[in-house]
Protein chains: 2
Amino acid sequence: MATQRFSSDIGAFRRAALSCPIPNAVDLIGEKWAFLILRGALNGLRHFEEFQAGLGIARNILSDRLARMVAGGILERCPDPNDGRKVIYSLSRKGEGLLPVVVALRQWGEEWGHGSSEVVLADRRDGRAVRKICVQAHDGRALNLDELTWVRPDGESVEIRQAAE
Amino acid sequence: MATQRFSSDIGAFRRAALSCPIPNAVDLIGEKWAFLILRGALNGLRHFEEFQAGLGIARNILSDRLARMVAGGILERCPDPNDGRKVIYSLSRKGEGLLPVVVALRQWGEEWGHGSSEVVLADRRDGRAVRKICVQAHDGRALNLDELTWVRPDGESVEIRQAAE
DNA sequence: CTGTTTGGTTGCGATTTGCTACTGATATCG
DNA sequence: CGATATCAGTAGCAAATCGCAACCAAACAG
């Protein structure tokens, strides 16, 4: 009945995937509008109408996404104390934690020609552009894909990639 | 006719958004399956059946996403020279450039409890875990949201966030 | 030649999108 | 105060997309 005869490392991959946080994370912000709302929030958008006009998103979709992001702890929803009609959607600490993801994606887009870099993100202190985000070793050295492995916290190595040629 | 009377900074936001690479980038990988395929590819998955079994994705959807990612230059598709039935999907340099995005999202998920860190990404040279990815100033200092601004390449400051409030 | 693996495609019902119009609560204007 | 405008959503509905299952042709393997 040929139970499992995988040609390479899907077995290991699936096992590792069980504990991988990415699928859950992707359910929260791995969707066009959710990600654009996040970008908007990082850039100071705070109200329903601002998101709607700023992103050009349909109102029912926006409503749904905001609710999900609030439920997911990325955004916080509170009535505007200065104007009873308005609601303020602000980033939680968890939401702010996504800054590196958004900036990394932006830098990737710039590097690969998905839009010009007319403005660039900079350190407010001195106005100098931020560094290119990269994966860094313990000592700060930049690492690329083939310099990485998976290890268990005890230091034991685990092969997931490279298992298959 | 009340043309534009935005209460805060959507005007500036929309202007900046025109040149922002994020919407295009999001069209390419800002979707659940595309992102999971990317993660799979970074972890060594290479064949159609591997992705299908590894991710549990429907075959028609997988087919569609692979084609899009090839068209978008993230993956490269080539027939396996050793087996005429197989096709190898491998990351292009552009695709590998997304490594920081994926790792940053994974770290965020770990930090905020979307999955355990049974295995951790490490420097293959010494087996030590990689650093937490963050936005860094020119001198390597970690920067958080409120320490950032937008500047034009000539150094001229541009207010997008913080314009409101 | 027979059976299996691989990488798809096709059909179809269920879900999700996105547009437009509407509502109800609160503010602003005169 | 009364009329109007703003804000944050809902409601309805057509069109697009998803996801399952079945099917298929080409390329091996025995």
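Modeller: Before we start, two strands pair if DSSP finds at least two bridges between them, and this is a predicted model.

Colleague: With that in mind, which residue of E4(B) does A:Leu121 stand opposite?

Modeller: Strand E3 of chain A, residues 120–123, pairs with E4(B) in the antiparallel sense over four bridges. Within that pairing A:Val120 stands opposite B:Val151, and the residue that A:Leu121 stands opposite is B:Trp150.

Colleague: In what order do the three strands of the open sheet stand, and why is one side of E3 of chain A left without a neighbour in the sheet?

Modeller: The three strands are joined by antiparallel pairing into an open sheet. Strand E5 of chain B, residues 157–158, and E3 of chain A stand at the edges with a single partner strand each, so one side of each is left without a neighbour in the sheet. The order asked for is E3(A)-E4(B)-E5(B).

Colleague: Turning to the whole interface, about how much area do chain B and chain A bury between them?

Modeller: The contact involves 99 residues of chain B and 99 residues of chain A. Of the area buried between the two chains, 64% lies on carbon and sulfur atoms, and the total is about 9200 Å².

Colleague: Which three residues supply more than any other three of the area that chain B buries against chain A?

Modeller: Together these three residues supply 8% of the area that chain B buries against chain A. One of them stands opposite A:Leu121 in the strand pairing, namely B:Trp150. The full set is B:Trp108, B:Arg124 and B:Trp150.

Colleague: How many salt bridges are counted between chain B and chain A, and how far apart are the closest N and O atoms of A:Arg141 and B:Asp123?

Modeller: The count of salt bridges between chain B and chain A is two. A:Arg141 forms a salt bridge with B:Asp123, and the separation of their closest N and O atoms is 3.1 Å.

Colleague: How many residue pairs are in polar contact between chain B and chain A, and which element gives the largest share of the side of chain B that touches chain A?

Modeller: With both residues at pLDDT 80 or more, the count of residue pairs in polar contact is 21. Several elements of chain B each supply at least two residues of the side that touches chain A, among them helix H1 (10–18), helix H3 (32–42) and strand E3 (120–123). The largest share, 11 residues, comes from H7(B).

Colleague: Is B:Gln136 buried or exposed?

Modeller: B:Gln136 is found in the loop between E3 and E4 of chain B. Beyond its neighbours within four places in sequence, the residues in contact with B:Gln136 include A:Val130, A:Arg131 and A:Gln136 from chain A, and B:Leu143 from chain B. The cut-off for burial is under 20% relative accessible area, and because its relative accessibility is 6%, B:Gln136 counts as buried.

Colleague: How far apart in space, C-alpha to C-alpha, are B:Tyr89 and B:Leu45?

Modeller: B:Tyr89 is found in strand E2 of chain B, residues 87–91, and counts as buried at 8% relative accessibility. Not counting residues up to four places away in sequence, B:Tyr89 touches several residues, including B:Leu45, B:Phe48 and B:Phe51, and B:Phe51 is itself buried in H4(B). Although B:Tyr89 and B:Leu45 are 44 residues apart in sequence, their C-alpha separation in space is 8.2 Å.

Notes. Residues numbered from 1 in each chain as written. Chains lettered and ligands numbered in written order. Predicted model: local features only at pLDDT ≥ 70, side-chain atom pairs only at ≥ 80, totals over all residues. Heavy atoms only, no water. Contact = heavy atoms within 4.5 Å. Buried area = accessible area lost by both parts, 1.4 Å probe. Salt bridge = Lys/Arg side-chain N within 4 Å of Asp/Glu carboxyl O. Polar contact = N/O pair within 3.5 Å; in protein donor to acceptor, adjacent residues only side chain to side chain. Buried < 20%, exposed > 50% of the residue type's maximum accessible area, 1.4 Å probe, protein only.
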